[in-house]
Each structure stands twice: as C-alpha cells, then as structure tokens.
Amino acid sequence: MIRILSWIFIVFLLTSCYSFKGISIDPDVFSFKIEPVEDVFYSSPASYPVEFSEALTQKIRKDSRLTLNNSNPDLIFRCKITKFDVSSQAPQPGIFSAINRCTISLEVEMQNTKNEKQNWKSGFSRYQDFDANVNFSSIQQQITSDINLLLVEDIFNKAFTNW
C-alpha cells in the first residue's frame, strides 16, 4: 500500500512540476498582428505568403490566449520569405536524382510594443524531400502545408516558450 501511495505521489509531483506546453506570455500582452508576408526574392508561389500568414495566425490563436488585433496589437510579427526552392538532391553525372527537396526559409521579426527587451529577429528554415518522378505542382499544396506546420511551430516556440 505504501509503495502504491509513493508511486502516486511521485507521478503527481512530476506532472505538477512540468508543463509540456511551456508557454510563457507576459500578462500585459493580449493581442497580436501578423503583417503581410513579404517574398523578398519573389520565388514562392503567389498564394504562399497568404497561406503561411494564415497558418501562423491559426497557430497563435489556437495555442495561446492572444487575440488577433490589426489596429493596436501588443505583438507584431513581420515575416519575409528569404528562400523558396525546389532542388535535386545528390544528382550524379548522367544519372537522374530520385529525390527532390523543397526548402522554405523565413526571416521573422517579433516586436513587443509593451516591452522592447522581448523583441527578436531570427531565421527559420525547413525542408521536405519528395519523389523526383512526381510533378511538384501536383503536390505543392501538401508539401508547403507540411513545411508550414514545422515553421510555425518553430516560430511559436521562439516567441512563447522559455526552453
């Protein structure tokens, strides 16, 4: 009986001390805004900046208490697409590569209008490989959605966690 109570106590102690989300948002911050995403090199598909902006907006709305406020936000996110590239991986002379890679890189700046010490600017990059025999335009939506999930998770963690 004591052994069971000890295990229950240990499990309770561990679960009460550790948070899997680890979100840390200043209590004075209530809102955010994502400025239109800029494609610096005009290399991404025309719809991609809007798709990325929507993915980031949904992530922040879903996983934080912040509300979207375009007129007077506490946090402002500025995102630039610095690379959108589809390239062949490890091609050999005279031999076609079996794998292509889509790479998306962003430069993100977060401005905290309530506390400028929390401002930051950082680069983020993710990629996904796919079969070179598949036409990219036929899988573009799925590939970019998959990469966006990773990118917005990275940006969210940079902005709202203290790891």
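**Entry 1: Tyr42**

I began with Tyr42, which lies in the loop between β2 (38-39) and α2. I looked up its backbone geometry and found a positive phi of about 50°, although Tyr42 is not a glycine. I then asked whether Tyr42 is buried or exposed. Its relative accessibility is 74%, and because the cut-off for exposed is over 50%, I entered Tyr42 as exposed. I note here that I am working from a predicted model, and that every value in these entries is to be read with that in mind.

**Entry 2: confidence and overall layout**

I next checked the confidence, and I wrote down a mean pLDDT of 88 for the chain, with 85% of its residues reaching 70 or more. Over residues 5-20 the pLDDT is below 50, and I found that this stretch has 2 contacts in the model beyond near neighbours in sequence. I therefore draw nothing further from that stretch in these notes.For the layout, I counted 3 helices and 6 strands in the chain, and read along the sequence they follow the pattern α-β-β-α-β-β-β-β-α. Of the 163 residues in the chain, 33% are buried. The exposed surface of the chain comes to about 10,500 Å², of which carbon and sulfur atoms supply 56%. I also looked at the contacts with a separation of 6 or more, and residues 24 or more positions apart account for 73% of them.

**Entry 3: β1 and its partners**

Which strands pair with β1? I found that β1 pairs in the parallel sense with strand β3 (residues 67-68) over 2 bridges, and that β1 and β4 also pair in the parallel sense, over 3 bridges. On the β3 side, Phe32 stands opposite Leu68, while the bridge partner of Ile34 in β4 is Phe77.

**Entry 4: Ser31**

I stayed with β1 (residues 31-34) to look up Ser31, which is found in this strand. Ser31 has a relative accessibility of 5%, and because buried means under 20%, I entered this serine as buried. What does the side chain of Ser31 reach? I traced it to the backbone nitrogen of Asp74, at 3.1 Å. Leaving out residues up to four places away in sequence, I listed Leu66, Thr67, Asn69, Asn72, Pro73, Asp74 and Leu75 as the residues that Ser31 touches.

**Entry 5: Ser53**

A second serine, Ser53, has its place in helix α2. Its relative accessible area is 15%, so I entered Ser53 as buried. When residues up to four places away in sequence are not counted, Ser53 touches Ile34 and Val37; I had already met Ile34 as the bridge partner of Phe77 in β4.

**Entry 6: the largest nonpolar core**

Which residues of the largest nonpolar core touch the most other members? Of its 32 residues, I noted Phe52, Ile60, Phe77, Ile155 and Phe160 in that role. The elements that give two or more residues to this core are β1, α2 (48-63), β4 (75-88), β5 (99-112), β6 (120-131) and α3 (136-160), and the largest share, 9 residues, comes from α3. As general background, I recall that nonpolar side chains tend to be buried together in soluble globular proteins.

I closed by following Ile155, for which I again left out residues up to four places away in sequence, and I found that Ile155 touches Phe52, Leu56, Phe77, Leu106, Val108, Trp120 and Phe124. Phe52 and Phe77 in that list are also among the residues that touch the most other members of the core.

Notes. Residues are numbered from 1 along each chain as its sequence is written. This is a predicted model: local features need pLDDT of at least 70, side-chain atom pairs count only at pLDDT 80 or more; totals for chains, interfaces and linings use all residues. Side-chain values use heavy atoms; hydrogens and water are left out. Helices (H or I, at least four residues) and strands (E, at least two) are DSSP runs, numbered from the N terminus. Buried means under 20% relative accessible area, exposed over 50%, partly exposed in between (1.4 Å probe, protein chains only). A polar contact is a pair of N or O atoms within 3.5 Å; within protein, one must be able to donate a hydrogen and the other to accept it, and residues adjacent in sequence count only if both atoms are side-chain atoms. Contact means heavy atoms within 4.5 Å. A nonpolar core is a set of buried Ala, Val, Leu, Ile, Met, Phe, Trp, Tyr and Cys residues joined through side-chain atoms within 4.5 Å. pLDDT is the predictor's confidence in each residue, from 0 to 100. Two strands pair if DSSP finds at least two bridges between them. Accessible areas come from the Shrake-Rupley method with a 1.4 Å probe; for residues, only the protein chains shown count as cover.
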